[in-house]
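This report looks at charged side-chain pairs and at the nonpolar interior of one protein chain. Please keep the sequence and the model at hand while reading.

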Amino acid sequence: MRSIYFLLSRFHVLFLFVLMEIFSLYLIYQSHKYQEVTFLNTSNNLAGKVVGFANSFYTFINLGNTNRELTEENTRLKKRIRYRNTYPADTALPEQSESYSFEYIPAKIVNNSISKSINYITLNKGSKDGIQKGWGVVSSNGVVGIVTNVSENFSLVMSVLSVKMLVSVRHKNTNALGNLSWNGKSPALLQIQNISKTLPVKKNDTIVTAGFSSIFPPDIIVGKVKRFSPDESSSFYEVDIEPTNAISRLSYVYVVKNSKKKEIDALESNALNE
């Protein structure tokens, strides 16, 4: 406090002079329009420069975060461009489904059989690419099969052209559920069981995946109804469908990764063991 008194007593003339100057300027600006406008313009310019400097400083100190975000976005775009260039024919399939936590791992077919009762497809992706046994395989044209064996660099897929394969499907127009299978005869026809004869099934109706399993996403197209007839020994139709996937002509497929598959399988397994 004594220092303040000492400062005021020593420089009181200067302080008084500054106050009088400020007061004089105030009177001038209040009484003269030109000076008032000039002052306002000057103060606005000064405020603008201060704000601009503050923004520039804020931008500068955040350059690290901005550069990191740009780098990440650039990496994503490069990955997407490489993906599009590598698999131009299969880009119609969604890359992921957030609702069901599905992702797709592209893979190339290196071997494919269609002449046996149980047919397999060999892919050029394996465990080092994250693929696991039991995962589904699709293409942009529909369901392909299920991974049955995995090595470090390759995967073996049992295709839908296998008499042991069963896939839960849905008649799109009625939402009726059924089981997709193959009778081992023509690779151009698959069969569906458990479609009730009371349902209005028509030729060319669409069959899609039911989505109730952890293997395939829902609404992946499977095929079109080719022909159907009542099964006299049951209350169901005998339905043949024409698959939308020509398995013999496939070159690239997508392995379906469901990040919640283990959790779902464990839950259902525990329920069965109770």
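A residue is called buried when its relative accessible area is under 20%, exposed when that area is over 50%, and partly exposed in between. By this rule R227, with a relative accessible area of 47%, is partly exposed, whereas D240, at 16%, is buried. The model is predicted, and every value given here was computed from it.

R227 and D240 form a salt bridge in which the closest N and O atoms are 3.0 Å apart. This pair links distant parts of the chain, since R227 belongs to strand 11 and D240 to strand 12 (residues 237-243), 13 residues apart.

The count of salt bridges comes to two, and they are set out below.

| Salt bridge | Closest N and O atoms |
|---|---|
| R170 with D219 | 2.2 Å |
| R227 with D240 | 3.0 Å |

In the pair of R170 and D219, the arginine lies in strand 7 (residues 167-171) and the aspartate in the loop between strand 10 (206-209) and strand 11 (221-230), so the salt bridge ties together parts that are 49 residues apart in sequence. Here R170 is buried, with a relative accessible area of 13%, while D219 is partly exposed, with 48%.

Turning to the interior, the largest nonpolar core has 43 residues, and those with the most contacts inside it are L123, L180, I192, I241, V253 and V255. Strand 2 (residues 102-112) supplies the largest share of this core, namely five residues. Apart from its neighbours within four places in sequence, I192 is in contact with several residues, among them V169, L180, I207, V239 and I241.

Methods
Residues are numbered from 1 along each chain as its sequence is written. This is a predicted model: local features need pLDDT of at least 70, side-chain atom pairs count only at pLDDT 80 or more; totals for chains, interfaces and linings use all residues. Side-chain values use heavy atoms; hydrogens and water are left out. A salt bridge is a side-chain nitrogen of Lys or Arg within 4 Å of a carboxyl oxygen of Asp or Glu. Helices (H or I, at least four residues) and strands (E, at least two) are DSSP runs, numbered from the N terminus. Buried means under 20% relative accessible area, exposed over 50%, partly exposed in between (1.4 Å probe, protein chains only). A nonpolar core is a set of buried Ala, Val, Leu, Ile, Met, Phe, Trp, Tyr and Cys residues joined through side-chain atoms within 4.5 Å. Contact means heavy atoms within 4.5 Å.
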